[in-house]
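Okay, thanks for making room for me today. Let me put the model up, and then I'll walk you through the bits I find worth a look.

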Amino acid sequence: MERRDFVAAVAASVGGTALSPTPGLNPGLAPGVRQSRAPRTPADRPTVGIQVGAVSFVDEGTDKVLDEFQALAGINTLFLATFTYGRGIAGRQLRGQPLPDHGKQEYDDAFRGGNFATPHRQYYRDTSIVPEKAPDHPGYDVIADVLPAARRRGMRLYCWFEDVFRRDVPGFDRAAEIDLHGASTGLACHRNPNTRNFWLGLAEDYLRSYDVDGLMWGSERQGPLDNALAASHGGGGSGIGCFCPHCLDAARKWSIDVDRAREGYLALERWATGLRAGRRPADGAFVTFWRLLVKYPELLAWERLWNEGLNDTYRDLYRLAKSIAPDKGIGWHIWHNNSFSPFYRAEQDYAEFAKYSDFLKVVMYNNCGGPRLAQYVRNAHATLFADLTPEQVLDFTYGVQQYRERPLDRIAADGLSADYVLRETRRAVAGVGEHVKIWPGIDIDIPTGAGGRVSGGAGGVPGRRARRAAVAQVFGDEAREPGRGGPGGARAGAGVNSRSFARAAHARSSGRERARVILSAAGAKDLLFGEDFVDGECNSRSFARALPRDESTSVASWG
C-alpha cells in the first residue's frame, strides 16, 4: 500500500479530535495565570504535526513542501525551527551520513544558525546577547514566508527554538556559564540575566511580531553533578558549572557554602578522572562516591541550584507567554536522557512541569534509543558503576527506569521496542495529570554511530522507504519482514500491513474508546503521536486498544 493510501485508510477508520482549550485554571498555577492547551482544530480533523527547518523551504519551495506534507500525511501543524545555533533541527544532514532522497544533494558545512525569522531589536534591550539573524539564508524570514502559506492551507504554526548558542555570538561571553576552574563552558548560564532576558525577548518577539499559534522551547542539558558522572548518552555539556557571580550570589541566598561546594566538586572531579584512567579505589567506585556525597552535601545542593535556574526559565517563559497570548499553547521538548539516566529523570518532575506547561514533547526515540542507551551504559560504567559489568549496569538501568529491552550486545543494532514507547508515554501521562498534553517523540533518520540502528538501515538512503520502515518497527506484529513470525517489529525495508492496522484501530473507534492515530510519512527525524495509553502488550492490535481516549489527540511530527 502506498503512503497516501495508508494514511487515508488509518485516518478514515480512526477519526479524531484536536487539542482543545481547558476552561478554568490549573490549580497548580500562580494566581491569575490561565493555562490553555493548543488551539482546537475542526472535530473531524486530527492534529498532525511536523518539525521542519528553514532549509527545507529554501531548498524545495514553500508551496511544494506544504503541499507534500498535506498530500502525503495530512499534516496540519508545523513546529517551525526558528532559533538555534545547532545543526540538529535546522541544518541539512551531517557529513558522513547519507543524504535523504529529497532536497538538495549537498552538505551545509558552513552552517551557522541564529534567528531564522527577523529579530526586532526593541525586544532585546535588556540582554547583552545580540539577536543575530541567521546568515544561512540571506534575506529569508521563515515565519513570514511559511505562515501565510500555512494559513491558506488551514495549518497551524508553532515556533520551535532551543538552548544552543555559539561562543562567537556577540555578547554571549557576558551570558556564559563559568566552570569550576573559572573558564567559560560555552553554554548559557540559566541564572544570568543576559540569558534569561534573551529568551524572554525572543518569546515576546515571536508572539507580538507574528500571529503564530504557540511556542516550544528545549534545553538538552544537565547539572554539574550529572556532568561530573558523565551520566548521559552524550551531549548536554561536560563542564562542572556554573560558578559565575550570579550563581554564587544565588548560592549564598540559599545558604550554600560556596567554598565547600568548590572543594567537593574538585574532589569529585579527581575521583572521576582517576576512575576513567583505570585507578579503582580500594572501597570501590560507588562507595567512594557516596562517601563524597556524605562529606560534601553541597554537591547535591549545587545540582539543585543549577536545575532550579533552568526551571525558573520555564516558569518565566510560560508566565510571559500567557500574559501576551493566554490562549496560545506553550510547552517544552524533554531531552532523551530522561529515558536513560535515573539521575536526570529524577530532576524532570512531570507534576512540577504541569504547573507551567500546556504540553510536553517527550523524546522517546526508539530506533536511535538503542545506540544511545548503550552509550549511556558505557559512560556510567566508566565512573559511578565501575564496580559492575556493563551488562549489570544495563540491567540496573532497566530496573530503575521501569522498562525492559534487549541485551547490551543487541540494543545498538536493534534499537528499542514499541513497548518502551508505550511505557514511557504512560508514565508521562500519569505524571502530568489531566491539564497537560503529552506528545511522544519517535525518531526517523536521526544519525547514530557505526553499527547503530537507524530507521533507514545501515547503508540505506534515509527518506521515504526509511519512514515506512520506522513505522513498521514501531507497530510490531502487523509490520515485519516477509516470512518473519511473531511480534517484535520490523527491520529496515519491511512493509506495513496498514489495512489490518486500520481494522484494528477501527474496531475500537466507537463510544468512549474512540481510537485516534495519524502516521506521517513525509518528515525527517521525529514522529510524535498519541497522548494517553492504557495497559497492554504493544503490537499493532493492542496498540489500537491503547490509543488516546475522549478529547486526546494524536500528533505525527519530525524534527
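So, in which sense do strand 1 and strand 2 pair, parallel or antiparallel? They pair in the parallel sense, over five bridges. A word on terms: two strands pair if DSSP finds at least two bridges between them, and helices (H or I, at least four residues) and strands (E, at least two) are DSSP runs numbered from the N terminus.

Before going on, the small print. This is a predicted model, where local features need pLDDT of at least 70, side-chain atom pairs count only at pLDDT 80 or more, and totals for chains, interfaces and linings use all residues. Residues are numbered from 1 along each chain as its sequence is written, and side-chain values use heavy atoms, with hydrogens and water left out.

How confident is the predictor? pLDDT is its confidence in each residue, from 0 to 100; the mean for the protein is 78, and 71% of its residues reach 70 or more. Residues 1–44 are below 50, though this stretch has 126 contacts in the model beyond near neighbours in sequence, a contact being heavy atoms within 4.5 Å. At the other end, residues 456–559 stay under 50 too, with 307 contacts beyond four places in sequence. Where pLDDT is low, the predicted coordinates should not be read in detail.

Now the overall picture. The protein has 19 helices and 11 strands. Of its 559 residues, 61% count as buried, meaning under 20% relative accessible area (exposed is over 50%, partly exposed in between, with a 1.4 Å probe and protein chains only). Among contacts between residues at least 6 apart in sequence, 75% join residues at least 24 apart.

Back to the strands. In strand 1, residues 49–53, both faces are covered: G49, Q51 and G53 on one side, I50 and V52 on the other, all buried. G53 has A81 in strand 2 as its bridge partner.

Strand 7, residues 214–218, tells a similar story: five of its five residues are buried, so it is largely enclosed by the rest of the structure. Strand 7 pairs with strand 4 in the parallel sense over five bridges, where C159 stands opposite L215. Strand 7 also pairs with strand 8, residues 329–334, again parallel and over five bridges; there W217 stands opposite W332.

For an antiparallel case, look at strand 5 and strand 6, which pair over two bridges. They form a hairpin with five residues between them, and G182 in the turn has a positive phi of about 90°. I178 has S184 in strand 6 as its bridge partner.

On to helices. Helix 10, residues 298–324, reaches 39 Å from its first C-alpha to its last, close to the 39 Å expected at 1.5 Å a residue; that expected span is 1.5 Å times one less than the number of residues. Of its 27 residues, 19 are buried. In helix 5, 12 of the 17 residues are buried, so this helix is largely enclosed as well; among them are W199 and Y206.

Last item, rings. Phe, Tyr and Trp rings (the six-membered one for Trp) pair if their centres lie within 6.5 Å; planes under 30 degrees apart count as stacked, over 60 as edge-to-face, and the rest as tilted. That gives 33 aromatic pairs. One of them is F83 with F165, edge-to-face at 5.7 Å centre to centre and 65° between the planes. F83 lies in strand 2 and F165 in the loop between strand 4 and strand 5, so the pair ties together parts 82 residues apart in sequence. Both F83 and F165 are buried.

Methods
pLDDT is the predictor's confidence in each residue, from 0 to 100.
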